Amino acid sequence: MSAWAPKYRGATVEDLDPPIALSTKPTELISYALMNAYERDYSHLTVISEDTRALLGYLNIARLKEMLKNGTVRETDHVEKAMQKFQRSGKVYKVITMDTPLEELEAFFTEGVHGSGSQDFAVVTDGNRRFVLGVATKGDLEEFVKRRPA
């Protein structure tokens, strides 16, 4: 258990008040996705299927800016060229819902799933993983601890 755990006092992801997820589609232009992220000050955008709304992957805005700077992608390219895809087979995902205790969220950020390594953000879904409700970041958790009275 971390030094923060006593400060959580039973709080869940819902207490972080994560912003509503902003999703983009693989066929949208990078410039459009980037503009949406900047307007809302989002560090990550989820990428969903145009047909089924299934979660396909995500855009890490810091990584995207680096790719643009290096010329790996251009603003006129489609999101699918820059997105990081979720592996569908052979990979275990941790379900993070609004009811997930913050201790579990912190462990996810620190260790990943089954020791897979640290994670920068978590996609918050409903319990059945049908709907993306939001995105929580390490920074959200740190801010929660800072503003919560001791």
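Helices here are DSSP runs of H or I with at least four residues, numbered from the N terminus. The model is predicted.

**Exercise 1. Helix 3 and its end**

Task: Find which residues of helix 3 are buried, say how they are arranged, and find what follows the helix.

Solution.
Step 1. Helix 3 covers residues 30-40. Its buried residues are I30, A33, L34, N36 and A37.
Step 2. Look down the axis of helix 3. The buried residues fall within an arc of 160 degrees, so they line one face of the helix.
Step 3. Recall the general rule. An α-helix has 3.6 residues a turn, so residues three or four places apart point the same way.
Step 4. Ask what this face meets. The buried residues of helix 3 pack against strand 1, strand 2, strand 3 and helix 4.
Step 5. Move past the end of the helix. D41 follows helix 3, and its phi is positive, near 55 degrees.

**Exercise 2. The four-stranded sheet**

Task: Work out the strand order of the open sheet and name its edge strands.

Solution.
Step 1. The open sheet has four strands, in the order 1-2-3-4, with mixed pairing.
Step 2. Strand 1 (23-24) and strand 4 (84-85) are the edges, as each pairs on one side only.
Step 3. Check one pairing. Strand 1 and strand 2 (residues 44-48) run parallel and are joined by two bridges. T24 stands opposite V47 of strand 2.
Step 4. Add the helix. Helix 4 (residues 61-70) lies across strand 2, strand 3 (55-60) and strand 4. Helix 4 runs at about 65 degrees to strand 3.

**Exercise 3. H44 in strand 2**

Task: Decide whether H44 is buried or exposed, then list its contacts.

Solution.
Step 1. H44 is in strand 2.
Step 2. Its relative accessibility is 8%. The cut-off for buried is under 20%, so H44 is buried.
Step 3. The side chain of H44 makes a polar contact with the side chain of S43, at 2.9 Å.
Step 4. Leave aside neighbours within four places in sequence. H44 then contacts Y58, L59, N60, I61, D120, F121, V135 and T137.

**Exercise 4. Aromatic rings**

Task: Classify the ring pair of Y58 and F86 and place it in the chain.

Solution.
Step 1. The whole structure holds three aromatic pairs.
Step 2. Y58 and F86 form one, with 5.6 Å from centre to centre and 40 degrees between the planes. Planes under 30 degrees apart count as stacked and over 60 as edge-to-face, so this pair is tilted.
Step 3. Y58 sits in strand 3, while F86 sits in the loop between strand 4 and helix 5 (102-111). The two are 28 residues apart, so the pair links distant parts of the chain.
Step 4. Y58 is buried, at 16% relative accessible area.
Step 5. Widen the view. Ring pairs link Y58, F86 and F121 into a cluster.

**Exercise 5. The hairpin**

Task: Describe how strand 5 and strand 6 pair, and how enclosed strand 5 is.

Solution.
Step 1. Strand 5 (residues 121-125) and strand 6 (residues 132-137) are antiparallel, with five bridges. T125 has V132 as its bridge partner.
Step 2. The two strands form a hairpin with six residues between them. R129 in the turn has a positive phi of about 60 degrees.
Step 3. Five of the five residues of strand 5 are buried, so the strand is largely enclosed by the rest of the structure.
Step 4. Sort them by side. F121, V123 and T125 are on one side, A122 and V124 on the other.
Step 5. Turn to A136 in strand 6. A136 is buried, at 0% relative accessibility. A136 and A122 lie 5.2 Å apart, C-alpha to C-alpha.

Methods: Residues numbered from 1 in each chain as written. Predicted model: local features only at pLDDT ≥ 70, side-chain atom pairs only at ≥ 80, totals over all residues. Heavy atoms only, no water. Pairing = 2+ DSSP bridges. Contact = heavy atoms within 4.5 Å. Axes fitted to C-alpha atoms, helices over the stretch in contact; angles between N-to-C directions. Phe/Tyr/Trp six-rings, centres within 6.5 Å; stacked < 30°, edge-to-face > 60°. Buried < 20%, exposed > 50% of the residue type's maximum accessible area, 1.4 Å probe, protein only. Arc of directions from axis to C-beta. Polar contact = N/O pair within 3.5 Å; in protein donor to acceptor, adjacent residues only side chain to side chain.
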